[in-house]
Amino acid sequence: MSAITTHILDTTRGQPAEAVSIVLYHQQREWIEIARGVTNSDGRISNLLPKETVLPTGTYKLRFETGAYFEQLGVATFYPFIEITFAITTGEHYHVPLLVNPFGYSTYRGS
């Protein structure tokens, strides 16, 4: 499993958010893109990074392209994208879920 995994649940529909593009960045002097992927039919990305990748301790962010997701559903949204910034410690697994609807979102550190 990737060192960082995610999933998205569309809380309005009560269903996983499929086909959402997500980009992972690492903060150095500036934000550096290190991976990208698209959620599957279960709203998950479990292979964002190769299994053997060990990320250095630091600050990271996931950018969820929620505007495109809601647009393909024909739904107006307040959030064209959502960025979640978080700190990690080398050697741990991080699961960063996103609960989203057109006008709100929440996240937490999952397992």
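**Exercise 1. Find what the side chain of Asp10 makes a polar contact with, and work out why Asp10 has no salt bridge.**

Solution. Let's start with the contact itself: in this predicted model, the side chains of Asp10 and Tyr69 are joined by a polar contact of 2.7 Å.

Next, place the residue. Asp10 belongs to strand β1, which covers residues 4-10, and Asp10 is buried.

Now look for a partner of opposite charge. The nearest such side chain is that of Arg13, 4.1 Å away. A salt bridge needs a side-chain nitrogen of Lys or Arg within 4 Å of a carboxyl oxygen, so Asp10 and Arg13 do not form one.

Finally, list the surroundings. Setting aside residues up to four places away in sequence, Asp10 touches Gln15, Ala17, Tyr69, Phe70, Leu73 and Val100.

**Exercise 2. Follow the strand pairing from Asp10 into β9 and on to β10.**

Solution. Begin at Asp10, whose bridge partner in β9 is Val100. The two strands, β1 and β9, pair in the parallel sense over three bridges.

Then check where the side chains of β9 (residues 98-101) point. They alternate: Leu98 and Val100 face one way and are buried, while Leu99 and Asn101 face the other way and are not.

From Asn101, step across to Gly104, its bridge partner in β10. Here the pairing of β9 with β10 (residues 104-107) is antiparallel, over four bridges, and a hairpin of two residues makes the connection.

**Exercise 3. Decide how the buried and exposed residues of helix α1 are arranged around its axis.**

Solution. First collect the buried residues: in α1 (residues 66-73) they include Thr66, Gly67, Tyr69 and Phe70. Viewed down the helix axis, the buried residues fall within an arc of 160°, so they line one face.

Then turn to the other side, where Glu71 and Gln72 are exposed.

What lies over the buried residues? The cover includes β1, β2, β6, β7 and β9. Tyr69, one of the buried residues, is also the polar partner of Asp10 from the opening exercise.

To finish, look just past the helix: Gly74 follows α1 and has a positive phi, near 75°.

**Exercise 4. Describe the setting of Arg44 in space and in the sequence.**

Solution. Arg44 sits in strand β5 (residues 44-45). Its relative accessibility is 35%, so Arg44 counts as partly exposed.

Compare chain and space next. Arg44 and His7 are 37 residues apart along the chain, yet their C-alpha atoms are separated by 4.1 Å. Beyond its neighbours within four places in sequence, Arg44 is in contact with Thr6, His7, Val38, Thr39 and His95. The side chain of Arg44 also makes a polar contact of 3.0 Å with that of Asp42.

**Exercise 5. State how many salt bridges the whole structure has, and trace some of them.**

Solution. The search finds six. One joins Glu33 and Arg36 at 2.8 Å, N to O; Glu33 is partly exposed at 39%, whereas Arg36 is exposed at 54%.

Another joins Arg63 and Glu83, with the closest N and O atoms 3.3 Å apart. This pair links distant parts of the chain, Arg63 in β6 and Glu83 in β7, 20 residues apart.

A further one is formed by Glu92 and Arg109, at 3.2 Å between the closest N and O atoms. Glu92 is in the loop between β7 and β8, and Arg109 in the segment after β10, 17 residues apart.

As a last step, look for shared partners: salt bridges join Lys61, Arg63, Glu65 and Glu83 into one network.

Key: Residues are numbered from 1 along each chain as its sequence is written. This is a predicted model: local features need pLDDT of at least 70, side-chain atom pairs count only at pLDDT 80 or more; totals for chains, interfaces and linings use all residues. Side-chain values use heavy atoms; hydrogens and water are left out. Buried means under 20% relative accessible area, exposed over 50%, partly exposed in between (1.4 Å probe, protein chains only). Lys and Arg count as positive and Asp and Glu as negative; His and the chain ends are not counted. A polar contact is a pair of N or O atoms within 3.5 Å; within protein, one must be able to donate a hydrogen and the other to accept it, and residues adjacent in sequence count only if both atoms are side-chain atoms. Contact means heavy atoms within 4.5 Å. Two strands pair if DSSP finds at least two bridges between them. The arc is that of the directions from the helix axis to the C-beta atoms.
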